[in-house]
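Trainee: Could you take me through the charged pairs in a protein model, one careful step at a time?

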Amino acid sequence: MRFVWSILLLLFCLPVAATKQPKAIEWIMVDFAPYYIMHDKYEGTGRDESVIKLLEKALPEVSFKRTLLPASRAVHELSNPQNNYCMLSLYQSEHRKQHIQFTEHSSTVGLSPSIAIRKELAKKLKLDSTKPVSLKSLLAENLALGVSMSRSFGANIDKVINESHDANIISRPGRDTLASLTYMLQKKRIDILLGYPSEHYYLAHSMGFEGDLTQLSLTEAPALSIGYIGCTKNKQGEVTVKLLDEALEKIAHTDAFHDVLVRWLPDNLQPILEKRLKDRNESAAH
């Protein structure tokens, strides 16, 4: 009987042991500035790596580990149920939800795709940097658009590009596509460049072009670009996601978190993000 009770006690304890708080969380990082900055004078100040640091402070009892992977492998490794990874700033989709456990709370909120443009050209076209502009209307002006090949910018913007058959669109493949296109923009080989605001801003600064370029938000883009934490979809991942949701609640309204979100935005776009964040928070409160 003593042996039987020991076995029963062990069986009752197993689910508790399997679902207890993780001792460590292993984060996937990718070499993709300005989300993770690995090599230059801004090293360590990337948006996503900074959020991970805030979460680390909010969870002092948990050890944080970091694994650098190529961007092409990141989601694949995260989706492998044999692994126990987490990753920041992921978009949710029905396909991804089959393989990845997502937090309920967003981990990063930023502005949606924008265009970079030379200040002199924006002035010539009488574009107001505080107001959104239509990408479709800019293409109708026969402006040369630079875009990274095989990259999606959301259904509406992708539709504009795919349906603009007569437009002057220059696409480039490769790992450092946006950097080469930024150089082309500054040298007047293209007129406008599609990307995310923080990417434009970081590249302009790192390449010394910040005085020449500005950014405009787009009417075809949603107000915000929202990312979530995704963890490997298994028992450990379910527990880890719950813990990270609690930590996200702790940091969500702190000044430190706010500063991270606007760190890699140009001055003219910071107030736009701040207003949209405020509107989103007020809407959630009601």
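**Charged pairs in the model**

Mentor: Let us begin with K97, which forms a salt bridge with E94, the closest N and O atoms being 3.6 Å apart. Please keep in mind that this is a predicted model.

Trainee: In which helix do K97 and E94 both lie?

Mentor: The two residues are three apart in the sequence, which is about one turn of the helix. The element that holds both K97 and E94 covers residues 94-97, and its name is helix α4.

Trainee: Does E94 count as buried, partly exposed or exposed?

Mentor: A residue counts as exposed when its relative accessible area is over 50%. K97, with 34%, is partly exposed, whereas E94 has 59% relative accessibility and therefore counts as exposed.

Trainee: Which parts does the pair of E56 and R66 tie together?

Mentor: E56 forms a salt bridge with R66, with 2.9 Å between the closest N and O atoms. E56 lies in residues 47-58 and R66 in residues 63-68, so the pair ties together parts that are 10 residues apart in sequence, namely helix α2 and strand β2.

Trainee: What is the relative accessibility of D48, which forms a salt bridge with R47?

Mentor: The closest N and O atoms of D48 and R47 are 2.8 Å apart. Buried means under 20% relative accessible area, and R47, with 15%, is buried. D48 counts as buried too, because its relative accessibility is 3%.

Trainee: How many salt bridges does a search of the whole structure find?

Mentor: Side chains of opposite charge can pair when their charged atoms come close. The pair of D48 and R47 is one such salt bridge, and the search of the whole structure gives a total of seven.

Conventions. Residues numbered from 1 in each chain as written. Predicted model: local features only at pLDDT ≥ 70, side-chain atom pairs only at ≥ 80, totals over all residues. Heavy atoms only, no water. Salt bridge = Lys/Arg side-chain N within 4 Å of Asp/Glu carboxyl O. Buried < 20%, exposed > 50% of the residue type's maximum accessible area, 1.4 Å probe, protein only. Helix = DSSP H or I, 4+ residues; strand = E, 2+ residues; numbered from the N terminus.
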